[in-house]
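Colleague: I would like a close look at one part of this model. Please pick one helix, show me what surrounds it, and then set it in the whole chain.

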Amino acid sequence: MLNDDLLKKILKETGTFDAKGLKSLLDELGKTETDISLEKFLLKEKKMPEEMLYRIAAQYYKLPFINLRDTPIRQDILFLIPEPIANSHQVVAFEKTEDELKIVTLNPTDLQTFEFIKRKTGLKLKIFYTNPTSLEEAIRQYRQSLSAELGALTKIPNPDDKRKSPGEDAELSKLAEDIPIVRVVDSILEHAILEGASDIHIEPTEKEVTVRFRVDGVLRPVMTFPKAVTQGIVARIKILSNLKLDEHRLPQDGRFKIENPEYKFSIRVSVLPVVDGEKIVMRMLAETATALTLEQLGFLDRPKETIMRNVKKPHGIILVTGPTGSGKSTTLYSVLGILNTPKVNISTIEDPVEYRMPGVNQSQVNARIGFTFASGLRSLLRQDPNVIMVGEIRDEETAGIAVQAAMTGHLVLGTLHTNDAATALPRLIDMNVPPFLIAFTANVIVGQRLVRKICPGCIRSLKLPGHTIEQLRRQVDLDSIWKTLQRVGAVGKEQTIEETTFWRGSGCAQCNNEGYKGRVGIYEVLEVTPEISQLISDGRDSSKIHGQAVKNGMLTMIEDGFIKAIKAMTTIEEILRVTKD
């Protein structure tokens with residue numbers, strides 16, 4: 001569908017309407033009683049044929065137009081682009097020569113998808129434009145082909161049958177190798193990689209199986225399959241993960257890898273029995289990912305200087321806190337990247353190892369054989385380390401060893417699950433670490449969240465209306481935040497929030513009409529100064545510690561977020577979404 005701004009541009013630049021004619025058309029649209037788009041108005045009220053409108057758009061994009069209605073596409077060519085990608089990115093392959101692939105699309109600016117198809121097929125692309133009805137007909141051919149293939153699937157064992165049949169393993173193994181099932185699972189994985197998903201959820205329901213991706217921290221449905229394929233998908237993933245095929249009543253965990261010249265992913269698999277079958281969650285870990293710099297993570301100048309000052313200390317503890325999925329490990333790897341030189345010995349104990357870092361000795365916990373964070377940390381101390389990274393401080397024993405290591409001349413990095421930086425210190429006390437030891441060893445605590453970044457392809461400026469500002473005042477201490485922004489120079493001394501420009505994404509092909517693409521961190525960096533050290537020793541609560549840190553000049557997470565909203569990195573809605581308790 002063509003949005004109104006784009007369609008106005010197309011109609012004007014192709015000469016379909018002159019300025020006067022376009023104004024008359026828009027005036028007519030404005031008088032309609034229903035709130036409809038310009039495209040619908042042209043198609044329904046003006047009776048313009050859909051194909052004619054999209055031929056005009058093809059002329060604007062300088063692309064050849066083709067109508068694929070009633071045109072059968074060879075199955076081997078059709079499946080060069082997996083169905084999920086064809087659906088979500090509105091692109092279909094329809095003809096192929098020895099070195100060229102002809103594709104038809106509704107999103108001619110989706111260069112990322114075209115590059116993916118080019119790499120996957122090894123062919124040059126010739127791009128055609130079409131209309132939505134034509135593309136829907138082409139995509140329907142996927143379903144017709146898949147339905148025919150699924151009808152010939154191996155007989156599926158009934159997981160509700162508690163008696164194990166003698167040939168069940170063999171039947172499930174055969175099912176997992178059926179071409180349609182292999183194609184379905186490969187399509188799910190390829191689509192997840194293209195979309196930049198961090199997690200894949202495969203969820204059986206009473207009548208179908210739903211697949212959802214977590215992209216930029218938000219889950220969204222991407223495809224559904226008939227109930228008949230559920231057991232095949234589960235069996236295929238179990239075989240890849242080296243799990244028991246005939247175990248349907250107990251949870252199982254495994255992992256497998258996929259790689260090609262472009263990427264290498266380690267995939268953690270969790271299988272959980274649910275009412276309608278077995279639910280699978282796959283965590284996608286890019287092994288080719290490299291540690292980002294603090295600037296790339298989104299640290300502003302002052303917080304970054306605080307971290308750099310404390311990283312240079314020869315011993316002590318640096319903690320990163322936040323909920324699951326808030327980017328804590330990524331921040332720790334960035335700090336390790338700063339410390340990683342031939343002059344120091346760095347050892348880590350992680351669950352799992354998410355990034356491979358040359359020059360760093362990385363170990364992965366294995367609870368099944370007794371290799372825990374605590375036991376691994378003890379062993380690391382016998383390896384003559386200068387820097388130790390503990391993936392997660394989750395129990396009393398690990399916390400105690402980490403503090404002792406910091407006291408004996410090591411720099412210790414670790415993560416904690418707490419809501420903000422100040423809460424991390426009482427949390428360690430709850431783990432029976434003496435307050436005076438925390439006060440003596442803690443250097444800096446980073447609290448963080450991840451917010452979605454505004455898509456650069458559809459960014460728009462806006463001024464906040466009065467009713468939005470009033471809502472904001474009810475949710476946050478807006479006056480205090482604004483004074484801080486004025487103090488640090490993020491806005492002018494006399495500038496009001498009503499005068500300030502904020503930003504939003506209107507939605508486009510690049511961001512799947514979400515308005516967001518990618519993520520950036522918002523942070524609060526609490527440096528343990530002598531005043532805060534005294535509060536910790538006195539056993540004061542987190543609110544007192546947080547108050548003193550703010551007096552010392554710490555930017556809170558929400559203030560950091562507001563600065564990034566003004567800098568066109570994210571939106572206020574995102575800041576509130578991730579910071580509200």
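Modeller: What follows starts with one helix and then widens to the rest of the protein.

First, the ground rules. The model is predicted, so to speak of a local feature I need pLDDT of at least 70, and side-chain atom pairs count only at pLDDT 80 or more, while totals for chains, interfaces and linings use all residues. Numbering runs from 1 along each chain as its sequence is written, and side-chain values use heavy atoms, with hydrogens and water left out.

My pick is helix 23, residues 557-566. Helices here are DSSP runs of H or I with at least four residues, strands are runs of E with at least two, and both are numbered from the N terminus. How many of its residues are buried? In helix 23, 10 of the 10 residues are buried, so the helix is largely enclosed by the rest of the structure. Buried means under 20% relative accessible area, exposed means over 50%, and partly exposed lies in between (1.4 Å probe, protein chains only).

Read along the helix. The buried residues are M557, I558, E559, D560, G561, F562, I563, K564, A565 and I566. Charged residues are on that list too: E559, D560 and K564. Lys and Arg count as positive, Asp and Glu as negative, and His and the chain ends are not counted.

What covers these residues? The cover includes three strands: strand 15 (442-454), strand 17 (501-505) and strand 18 (516-527). Helices also take part, among them helix 19 (466-475), helix 20 (478-487) and helix 24 (572-579).

Now zoom in on I563, which lies in helix 23. I563 has 5% relative accessibility, so it counts as buried. Leaving out residues up to four places away in sequence, I563 touches L300, L485, V488, A490 and L555. Contact here means heavy atoms within 4.5 Å. F41 is 522 residues from I563 in sequence, and their C-alpha atoms are 41 Å apart in space.

Next, look at V476. V476 sits in the loop between helix 19 and helix 20. With a relative accessible area of 13%, V476 is buried. Its contacts, again not counting residues up to four places away, are I481, I558 and L576. One of these, I558, is among the buried residues of helix 23. So the loop residue V476 and helix 23 touch, since contact means heavy atoms within 4.5 Å. S334 is 142 residues from V476 in sequence and 31 Å away in space, C-alpha to C-alpha.

Helix 23 is followed by A568, with a positive phi near 70 degrees. Most residues other than glycine have a negative phi. Other places show a positive phi as well. D216, in the loop between strand 5 (208-215) and strand 6 (218-226), has phi near 55 degrees. K62, in the loop between helix 4 and helix 5 (75-78), has phi of about 60 degrees. Are these two residues buried or exposed? D216 is buried at 17% relative accessible area, whereas K62 is exposed at 74%.

Helix 15 (residues 373-381) makes a good contrast. Its buried residues are F373, A374, G376, L377 and L380. They cover an arc of only 165 degrees around the axis, which puts them on the same side of helix 15. Their cover includes strand 11 (346-350), strand 12 (361-364), strand 13 (387-390) and helix 16 (396-407).

Now the nonpolar cores. A nonpolar core is a set of buried Ala, Val, Leu, Ile, Met, Phe, Trp, Tyr and Cys residues joined through side-chain atoms within 4.5 Å. The largest has 46 residues, and I81, V92, L101, I103 and Y142 have the most contacts inside it. Its largest share, 6 residues, comes from helix 4 (residues 50-61). A second, separate core of 39 residues includes I349, A406, L425 and I532.

Last, step back to the whole protein. There are 24 helices and 18 strands. Of the 581 residues, 50% count as buried. The C-alpha trace spans about 75 × 75 × 45 Å along its principal axes. Among contacts with a separation of 6 or more, 64% join residues 24 or more positions apart.

Notes
The arc is that of the directions from the helix axis to the C-beta atoms.
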